[in-house]
There are 2 protein chains.
Amino acid sequence: MSKEITSRAQDYSQWYNDLIIKSNLADYSAVRGCMVIKPYGFALWENMRDVLDKMFKDTGHVNAYFPLFVPKSLFEAEEKNAEGFAKECAVVTHYRLKADPNNKGKLMVDPEAKLEEELVVRPTSEAIIWSTYKGWIQSYRDLPLLINQWVNVVRWEMRTRLFLRTAEFLWQEGHTAHATAEEAIAETKQMLEVYADFVENWMALPVIKGVKTPNERFAGAEDTYCIESLMQDGKALQAGTSHFLGQNFAKAFDVKFSDKENKLNYVWATSWGVSTRLIGALVMAHSDDDGLILPPRIAPLQVAIVPIYKGDDQKALIGEKVQEIVKQLKALGISVKYDDSDNNRPGWKFAQYEMQGVPVRIAIGARDIENNVVEVARRDTKVKTSVGMEGIAAYVKELLDDIQLQMYNRAKEYLTSHITPADNWDEFVKLLDEKGGFVSAHWDGTNETEDKIKELAKATIRCIPLNNPQEEGVCILTGKPSKERVLFARAY
Amino acid sequence: MSKEITSRAQDYSQWYNDLIIKSNLADYSAVRGCMVIKPYGFALWENMRDVLDKMFKDTGHVNAYFPLFVPKSLFEAEEKNAEGFAKECAVVTHYRLKADPNNKGKLMVDPEAKLEEELVVRPTSEAIIWSTYKGWIQSYRDLPLLINQWVNVVRWEMRTRLFLRTAEFLWQEGHTAHATAEEAIAETKQMLEVYADFVENWMALPVIKGVKTPNERFAGAEDTYCIESLMQDGKALQAGTSHFLGQNFAKAFDVKFSDKENKLNYVWATSWGVSTRLIGALVMAHSDDDGLILPPRIAPLQVAIVPIYKGDDQKALIGEKVQEIVKQLKALGISVKYDDSDNNRPGWKFAQYEMQGVPVRIAIGARDIENNVVEVARRDTKVKTSVGMEGIAAYVKELLDDIQLQMYNRAKEYLTSHITPADNWDEFVKLLDEKGGFVSAHWDGTNETEDKIKELAKATIRCIPLNNPQEEGVCILTGKPSKERVLFARAY
C-alpha cells in the first residue's frame, strides 16, 4: 500500500496530495476547490477543535453563531477589509430555482427571484459581527465581549490544495470588543500565545511568533500577529493569526460605548483564527514516505493492535489476551482498536496503520502468547521492541509521551537549523534556492523593497519575530540602513 | 424585568419572541430571515449537540464534512428531492465583487465572474453526499457507511420565526448507506429511537413516534419517521425526522456495490436530522410568563447563587461560605455561578435568572449565615425552601433530578390529556378550535382527503403512530371506510 504514494524526493507536492487521499483524511469533491473531509480527517479536526475550544473557554471566551451571509452593504462598510476580500467572494444573487421549460427534469435559476441586495458568503465575519455588536454594546459594563465561532467560510481561491487552500474551509474566528487599546492588544497577544501553545504542545510543531509587515497584514487590521511554522521542504506556513483591529470596525459600524465618565468612545477590536489548514501543516511537517505521522495527543487513534494467527483457535487465544490489554489501555485514557478482521492480512494492516499515522502498533502472535510478550512498533522512528505483557499499558503510555516529545524535538531541531542569516543578496538567494527555511536578513522597512524582493526571490517576509534583537545593518536589496533583521521565506 | 415580556394569554406568539430575545438565546440579524445565536443560546445548543453526538457515536456513526455548495446538475439529479427544495434555494451565481465605478467606495458583483454552473447553498445534503458515496462504495465490504455531519443549511423561507423557521439554521444530518433494505429500515428506526430518547430524557419533552403520510414525506424518501411534540398552545411541532430513502439516491447517482456473490446492486439509504428548531420546541413547551424553564440536564447553567448583603463585611462573610458550597456543587458535576457583582440588586438578579430559566437559584444573606441555612428556589414551580448548609450539595443534586422528572411529567400529562378522539367532523373542528392538541380520527387514506381537511380545518396529519391499534371506522370527512385512526393537529 505504501508503495502507492509518491516519495518526497520525487515530488513533494504530489507526495502531499497522495498522502491526504491514501490516508483517508480527505477527498476531492464535485465542487470546484472544495473538499470532503472524510471521517478519519474529521476525527483529527474534532480532537484539535476540542482542545482549542477548551483553551478559548479557559481564557474567558464563549461561543456563538452569526449568519453565513453578509449583505453587500455591510460587507463594504469597512473599506480595507472589503477591498481585501472582494476578489474572492462567492455571491448569492437569487433565492429560488424553477423547472427549466426548455429542459425537461432540469432546473434553472428563477429570474424573478432576484435578491434586492446581494449576499456575500462570509469570507470572514468582522462585518456581520460588528454590525451586530452595535446593538449589544452601550456601556463599559457591556465590555469586554469575548466571542468565538466555529464555522465554515468561503474564499474563492483560484489555485486550491487539499487543506492548505480550499474555496470552503472550516475555522474558528474570535471577535472581541474592548474598552481600551491596551486591553485589545493584550487580548491579541494572549490569543497568539494560545495558538502557539496548541501548535507546539499538541501538534508537536514548533513555531516562530512574530508580527506581520504592513504589506502582509489582514485587511482592516492595525497589526497582525502570527505564528509561522516550517515544512519539510523548507517552505514556511502561516499556522495562525491574531489581529489587533484598532477602532476600524467600530468606526465603520458606529459602535460606541459610554465610559465610566459617561463619555462616548469607539470600541477597540481584535479577531483571531485558525483553520483546517492546520491539518495541512501537520501532514507536511511530520509525515514520511510511508504515510502520516500523527502526534499522539491529537491522533484519532493512538494504538492499533493486530493479531497474527493461523486458524480460529489461535485467533481466539490471542483475542482473549488482547481484551485484557485493551482494557488496561482504555483505563489509562488511551484510544485503541483491535483489528481482528479477516478481510486483510497483517502486512496489509501494518501498512494501513502506518499510512494513517497511528502512533503505536502492537502485533501479537501465538508464539508471543507463549512467551508472554508483544511486539510494539512506534510509527515515528519505526523502531520495534519486544515488550513483556506485564505492565504493557504503562509502557505504551510512556511511549506515547515519548513519541510526542521526539516529534516536537525533531521538528524543533529542523526549524532551528533552518533559520540562517544572510548578509548580501547572493547569499540570500542561494540560501532560498539551496537550503530553504527562514532567512534572517536586514530590510529597509519599505513596502516597495518588500515587493521587489518578493518579485525577484519569490520570498516574503514571514514575520518580524517578537522580542527581535535590535542590530544595525543594511538592507539586503537596497543597502539602506536597517535596525533589525526580519525573517524571509518561500511560503505556502 | 419579567414585566417586559408579553404574557402567554395575551399573545402566545409575541410571548415566544419576547422570551427568546430577553433571555439572550438569540437575536435578529441584519440578514433577512437569519438569526444570531447568542452565547447563552449557543451554550444550550452545545449541550444538546454534545449529548446527541455521543449517542450517534455510541451507535457506530462517525462525523465528516461535505461541501456547503451543491452544483445545480447534482442538485437536480434526484428529481423529487430537487422539486421539493427548488423553491427555497439560495443560489451562488458569481465568485467576485469589484469596485463600483459609479459609486465610490462601493462594490458591485463583477459580471465577468459569473459561474459556469450555479451553486445551490445546501438545503440538505443528500445530493452532494451521494455523488461522493459513488466513489467510496464498490463492494459489500464498504458497507454500511454510517456518517453524520453537524453543519449549517439554508432554506429560503418566506415567513421566518426565531429558531422555529429561519433561512439559515444549524443541524445534524446523518446519511447512511446499506446493503439491504432491511438494514436501512432498521437504521431509520434506530435513529428515531435515539431522537426520542434524547428529546424525552434530556429535553424533558414527551413525543409521539410515528410515520408520516405520503403527503408529508421528505422529498425523495420512501418513508419518513418522525417524533411529534406538543406545545403549550395546543399546536404540534415536529421535533425530528428519520427517512428511509430506498434506492432513490443510489439510482440518481448510480451508486452500486458488488455483493458476496459478486452481483451489482443499488445501495440502500437513510437520512435523519434534528436542528436548532429543537430549541424553539424547548422554549415553547416548558416556559412561563416569567421566562424560560430549562431542563437541568441540558441547561447551560444549573445553579445561580445570589448574595444578599449590606456592606463589604457581610459580602466577604457570605462569599467565604459560598466558596465552600460552589466547591461541593462542582465536585458533583453541577454547573454553578456565584453572582456577587455590584452592578445589580438581588431582585434584578432573581428576575434575570428566572428569565434565563436557570433551574435552581440559591439566595444567601447575613442572617442565613448565622442560622446556617440558605434559601433554595426551584425555577419550575417557584417553590422556595430553607435548607441547612450541611448537605446542601446533595440536596441540590436531588432537586435537579426532581426538576428534570417533574418537567417531563407535567409535559407528559399535558400531552396525554391532549390526544382526543373525534368521531365526526363537527367534533373534530370543535376540538381543534377549542381544546387544541392532537385529535385522533379516522381518515380514508387518500392524499385528496388529507389536503381537503388541511384546507378546511387548518390541521395536518402529524403522523400515524408506531404500533397503531387497528380499528374499523369511517373517515371523519368522507365517511369512507378506514382501518386506523391517525393523529391530526395544527402545527408549527
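## Pairing between the chains

Strand β5 of chain A (residues 91–94) and strand β5 of chain B (residues 91–94) run antiparallel and are joined by 3 bridges. Within this pairing, A:His94 stands opposite B:Val91 of β5(B). The model described here is predicted.

The contact between the two chains draws on 56 residues from chain A and 56 residues from chain B. On the side of chain A that touches chain B, 34 residues are nonpolar, 9 are polar and 13 are charged.

## The sheet of chain B

Strands of a sheet pair through backbone hydrogen bonds, in either a parallel or an antiparallel manner. In chain B, 5 strands form an open sheet with mixed pairing, in the order β18-β17-β19-β20-β21. At the edges stand β18 (336–338) and β21 (384–388) of chain B; each has a single partner strand, so one side of each is left without a neighbour in the sheet. On average, neighbouring strands of this sheet are turned by 25 degrees against each other, direction ignored.

The edge strand β18(B) runs parallel to β17 (residues 303–308) of chain B, and 3 bridges join the two. One residue of this pairing is B:Ile305, whose bridge partner in β18(B) is B:Tyr338.

## Helices on the sheet

Helix α10 of chain B (residues 346–355) packs on the sheet and touches β17 and β19 of chain B. The direction of α10(B) makes about 170 degrees with that of β17(B).

Helix α9 of chain B (residues 311–331) lies across β17, β18 and β19 (360–365) of chain B. Relative to β17(B), α9(B) runs at about 165 degrees.

## Packing of α9 and α12 in chain B

Two packed helices are described by the angle between their axes and the distance between the axes. For α9(B) and helix α12 (residues 392–416) of chain B, the angle is about 50 degrees and the axes are 9 Å apart. Because the angle is neither under 35 degrees, nor over 145, nor within 65 to 115, α9(B) counts as oblique to α12(B). The crossing in which α9(B) passes α12(B) is right-handed.

On the α9(B) side, the contact is made by B:Ile325, B:Gln328 and B:Leu329. The α12(B) side contributes B:Ile392, B:Ala393 and B:Val396. By class, this contact of α9(B) with α12(B) has 5 nonpolar residues, 1 polar residue and no charged residues.

How values were computed
Residues are numbered from 1 along each chain as its sequence is written. Chains are lettered from A and ligands numbered from 1 in the order in which they are written. This is a predicted model: local features need pLDDT of at least 70, side-chain atom pairs count only at pLDDT 80 or more; totals for chains, interfaces and linings use all residues. Two strands pair if DSSP finds at least two bridges between them. Helices (H or I, at least four residues) and strands (E, at least two) are DSSP runs, numbered from the N terminus. Axes are lines fitted to C-alpha atoms, for helices over the stretch in contact, and angles run from 0 to 180 degrees between N-to-C directions. Two residues are in contact if their C-beta atoms, placed from the backbone, lie within 7 Å. Ala, Val, Leu, Ile, Met, Phe, Trp, Tyr, Cys and Pro count as nonpolar, Asp, Glu, Lys and Arg as charged, and the others, Gly among them, as polar. A crossing is left-handed if the near helix is turned anticlockwise from the far one by less than a right angle, and right-handed if clockwise.
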